[in-house]
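I set aside some time today to look through a structure and jot down what I found. My plan was to start with a sheet, then move on to contacts and domains.

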Amino acid sequence: MSTSEANATPREYPWRMPANWWTRSRHYFWYIVREFTAVPLALWLLWLLVEIKRAGDGPARYSPHGSAPFVIFSVVVLLFSLYHSFTFLSLAGSILHFKLLDRPVSASVIVMSQFAAWAVASGVIGFFLVWLGR
Amino acid sequence: MDFESYDVLVVGGGLAGLRAAIAAVEANPRVKVGLVSKVYPMRSHTVSAEGGAAAVMRPEDSYQTHAFDTIKGSDYLADQDVVEAFVREAPLEIIQMEHWGCPWSRDPDGKISVRPFGGMTTWRTCFAADKSGFHMLHTVFQTSLKYPQITRHDEAFVTKLLIEDSRCVGVVALDIRTGRFDAITAKTTILATGGLGRVYAFSTNGNICTGDGMALAYRAGVGLKDMEMVQFHPTGLPFTGILITEAVRGEGGYLLNNGGERFLKRYVPNKMELGPRDIISRAMITEFEEGRGFEGPHGKYMHLDVRHLGEAVIDRKLPFMRELGREFVGIDIVKDPIPVRPVQHYMMGGVDADISGETPILGLYAAGECANVGLNGGNRLGSNSLSECLVFGAAAGRAAAHYASSAKPVTANPVDAMLWDEAHRVETEYLEKKSGNERIAVIREEMQKEMDDGAGVFRTREGLSKLVRNLGGLRERFEKVKIEDSSRTFNTEILAALELDFMLEVSSAVAFSALAREESRGAHARRDFPERDDAKFLKHTLAFHTKTLAPRLEYRDVTITNFKPQARTY
Amino acid sequence: MPEKRISIHATRYDPEHDKEPRLQTYDIPFSDESMVVLDALNYIKSHVDGSLSYRWSCRMGICGSCGMMVNGTPKLTCSAFLRDYWPRAVVVQPLNNFPLIRDLVIDMDDFMHKLKSIKPWIIRKQEIPLGAGEHRQTSDQIDEFRQFSECINCMLCYAACPVYGLNNEFLGPAATALARRYNLDSRDEGLKQRLPVLAESEGVWECSFVGECSVVCPKGVDPAKAIQQTKLDTTMRFVLPYGNRE
């Protein structure tokens with residue numbers, strides 16, 4: 001007896017993902033770029049941990065500004081993190097589902113309000129940092 | 001030999017087959033149901049139905065009027081007891097589909113919405129936008145997954161019914177993936193294999209609609225009923241034959257000739273675009289013949305115009321039509337008229353079955369388009385067929401489950417021999433034969449052209465006689481068919497050959513039945529016999545398989561209950 | 001004028017004779033501007049080589065059978081027009097990410113199992129009898145799930161999903177979209193039963209949002225959205241065990 005659910009056909013040719021699959025479409029390529037930007041971000045955060053540890057040992061050992069290459073690295077990482085924030089917040093429009101006065105809130109409103117909240121949060125944090133550092 | 005045995009075996013995974021499988025399990029949760037289909041069930045041609053399913057859903061409607069509309073639409077060839085039972089069951093089936101999750105379009109109060117449809121005197125067609133068949137099929141298929149009693153055999157092609165002592169005890173099926181023949185035995189077998197549209201060149205039907213179940217039953221000795229009754233839908237897209245739903249006219253679309261005139265005023269003045277399909281198709285052909293059609297690269301056509309409905313209505317109620325126009329014609333139906341012409345669409349005729357789907361062979365049932373239970377007569381009304389699949393699919397499933405609970409089990413011994421014979425037949429006739437020189441596709445294309453020419457909207461004795469002769473010639477050439485594909489794995493060429501074998505069989509039944517019906521009734525319009533002849537032909541044609549191509553024809557009286565035949569004007 | 005022609009390179013693979021798939025070239029007449037890739041395959045099968053195998057039926061973009069890779073992109077071949085490729089050749093291959101049975105025919109049983117695993121049917125605590133009539137449902141309530149109910153199971157989204165290509169245990173786009181379709185239906189009370197499947201290790205969290213599933217969907221379904229929304233569902237269930245709709 002044969003049900004197609006019961007036995008698989010013999011000698012099917014299995015799917016093998018080619019190693020260069022991510023070069024085969026522009027979308028895949030940018031997806032991989034997006035995923036890989038997380039690596040320098042992680043490195044930068046490790047460095048930050050080291051800096052915090054040093055700061056704990058007293059002001060003498062603390063030298064946060066480092067070298068010019070590192071400043072450049074930090075700027076690149078900042079751009080990457082902005083890119084991540086941007087893709088994440090843009091996504092919110094399609095994930096979140098709100099109703100206001102019985103009407104669904106449009107995706108663009110959700111996305112814009114996310115960015116607004118982001119800007120406000122950044123402003124508040126910036127203000128406190130400056131205020132504390134004074 | 002090892003074989004699977006079921007209480008109920010359903011052949012065909014479309015709306016009728018799936019509904020039958022579920023009904024069998026719900027009637028008796030202990031039955032084992034097998035579902036064999038040559039495609040994955042959600043590929044079945046139900047998926048292409050667009051307009052909706054008819055049922056009495058409103059207080060202002062009545063069973064009486066739905067029955068009368070159906071009987072008048074059938075040109076009095078429907079069995080009236082069957083119609084009366086059908087109209088009572090249909091609303092329950094619509095509700096059942098709703099409970100299973102069908103996304104029926106709704107009225108503002110949240111109730112299931114209805115739309116007008118051709119030949120119906122009031123609004124009674126329930127719809128899921130203009131993808132009703134798609135949504136119904138996926139709903140019932142997905143629902144069927146919750147029943148552990150149902151085992152599917154996907155992509156298995158039934159080549160023969162197993163008949164033992166005049167009782168059907170299952171089928172022989174070719175597992176398409178492995179090329180292996182299996183006996184799938186069962187106490188009862190339900191045929192729900194759909195239509196035969198592919199015997200015509202210009203058809204709305206998908207590639208899989210090859211009349212398999214009709215041919216299987218025919219060869220097993222069951223009569224094919226009213227095979228001359230082939231429905232031509234007025235609005236198919238030229239070239240592809242893609243269906244433009246009648247709901248386009250239901251929602252208010254106009255059918256216009258090359259003078260921009262709503263020409264139906266000369267044919268169905270009281271119904272206009274909502275006339276029945278047979279009459280509108282004839283009207284269009286008549287207009288073409290009198291020079292009032294548009295000329296295009298793929299033949300003559302008319303305009304179906306919905307521009308006046310506005311974008312909002314079109315997007316709400318006919319979104320798929322807009323999609324089809326954009327994808328396949330390159331027009332936006334909001335701004336452009338749709339080119340349409342009559343196209344083969346549906347088979348009223350089919351396996352002779354009664355109100356509960358029983359055929360004259362014990363243990364064999366039929367439902368849906370492949371069956372003729374006596375509902376549609378000479379012309380089916382649009383939106384009755386989806387309801388028919390539900391009502392009569394469920395009836396056949398219940399009847400089969402009931403009979404299976406008392407039927408004696410199937411024994412392996414004769415089945416093994418029958419399986420071996422059938423496997424041997426297909427092997428020698430197709431796979432191992434090296435001598436042939438005829439291409440399957442060439443014979444198929446010639447058959448399709450012959451059917452278009454000889455058994456189209458209008459028929460004549462000359463045309464049908466020629467068709468009968470030529471089908472005979474094609475049958476002879478088919479004996480010399482060549483199979484290039486020697487593989488056992490997913491050999492679609494063998495399938496095409498087996499399907500063509502079936503199609504030649506059922507198209508002969510169509511041609512001979514049509515030649516013998518010397519009157520015009522419903523979709524069967526004879527130029528040489530333009531009038532309906534109730535004295536001689538208020539009867540069902542029954543075609544029985546013989547050793548030659550010509551079937552033995554018998555006639556059976558139509559059941560009349562409350563509606564005396566009258567002149568059919570709209 | 002010489003007859004217009006087009007080259008079709010189609011994958012051939014017969015497990016009984018071939019070690020691996022190869023491309024075979026067919027040069028066929030491009031006789032009508034309305035021809036689609038499927039028409040080209042049908043021409044080949046009818047008049048050139050009867051042994052070419054592929055699935056198709058409705059040729060109107062609704063049965064979901066004829067999905068293949070056309071010049072590297074998953075497409076329904078019934079609505080991929082030759083005129084959009086000509087005079088370039090057209091490479092027709094089986095859908096990526098699936099085991100190959102024969103020529104252009106893939107094995108999609110994996111999806112059939114996944115579809116069943118998400119319980120794609122209405123689940124209710126208490127079924128109402130038929131005699132009670134229909135559930136009331138407004139057009140707005142249908143709009144909540146409408147797009148996810150438009151899935152034709154054509155597998156283009158799975159062919160486009162590298163996550164599925166790398167790990168076929170992943171539940172994947174269409175199955176999640178259909179789970180979402182039922183979870184969002186006002187008649188359904190089955191969210192709790194479906195969440196364990198959706199939230200398990202090979203469920204929605206495998207998705208790293210490539211987004212290509214939604215790009216290739218021929219029916220305007222947005223499975224990527226369904227998956228991200230389902231991530232939110234599974235999170236909310238973790239954060240607020242009793243807060244969400246059952």
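Here are my notes, in the order I looked things up.

**Entry 1: the sheet in chain C**

First, a reminder to myself that this is a predicted model. I began with the sheet in chain C and asked in what order its 5 strands are arranged. I got 2-1-5-3-4, an open sheet with mixed pairing. Then I wondered which strands stand at the edges of it. Those turned out to be strand 2 (22–29) and strand 4 (73–76) of chain C; each has a single partner strand, so one side of each has no neighbour in the sheet. I also noted the twist, which averages 35° from one strand to the next.

**Entry 2: who pairs with whom**

A quick refresher from class: strands of a sheet pair through backbone hydrogen bonds, in either a parallel or an antiparallel way.

I took strand 5 (residues 90–93) of chain C next. It runs parallel to strand 1 (residues 5–12) of chain C, and 3 bridges join the two. One partnership I looked up here is C:Ile8 with C:Val90 in strand 5 of chain C.

Strand 5 of chain C also pairs with strand 3 (residues 67–70) of chain C, this time antiparallel, through 2 bridges. There I found C:Met69 partnered with C:Gln93.

Strand 3 of chain C goes on to pair with strand 4 of chain C, antiparallel again, over 4 bridges. In that pair, C:Met68 has C:Lys75 as its bridge partner.

**Entry 3: a helix across the sheet**

Which strands does helix 1 (residues 37–48) of chain C lie across? I found strand 1, strand 2, strand 3 and strand 5 of chain C. The helix runs at about 90° to strand 2 of chain C.

**Entry 4: where chain C meets chain B**

I looked at the contact between the chains next: 42 residues come from chain C and 44 from chain B. On the chain C side, the elements giving two or more residues are helix 1, strand 6 (100–102) and helix 3 (139–145). So helix 1 of chain C shows up in my notes again. By class, that side of chain C has 13 nonpolar, 18 polar and 11 charged residues.

**Entry 5: the domains of chain B**

Last, I checked how chain B is divided: domain 1 (4–230 + 346–411), domain 2 (250–341) and domain 3 (414–546). The centres of domain 1 and domain 2 of chain B, taken over C-alpha atoms, are 30 Å apart. Between these two, 15 residues of domain 1 touch 12 residues of domain 2. The domain 1 side has 4 nonpolar, 7 polar and 4 charged residues.

Technical notes. Residues numbered from 1 in each chain as written. Chains lettered and ligands numbered in written order. Predicted model: local features only at pLDDT ≥ 70, side-chain atom pairs only at ≥ 80, totals over all residues. Pairing = 2+ DSSP bridges. Axes fitted to C-alpha atoms, helices over the stretch in contact; angles between N-to-C directions. Contact = placed C-beta atoms within 7 Å. Nonpolar A, V, L, I, M, F, W, Y, C, P; charged D, E, K, R; others polar. Domains from an automatic or database assignment.
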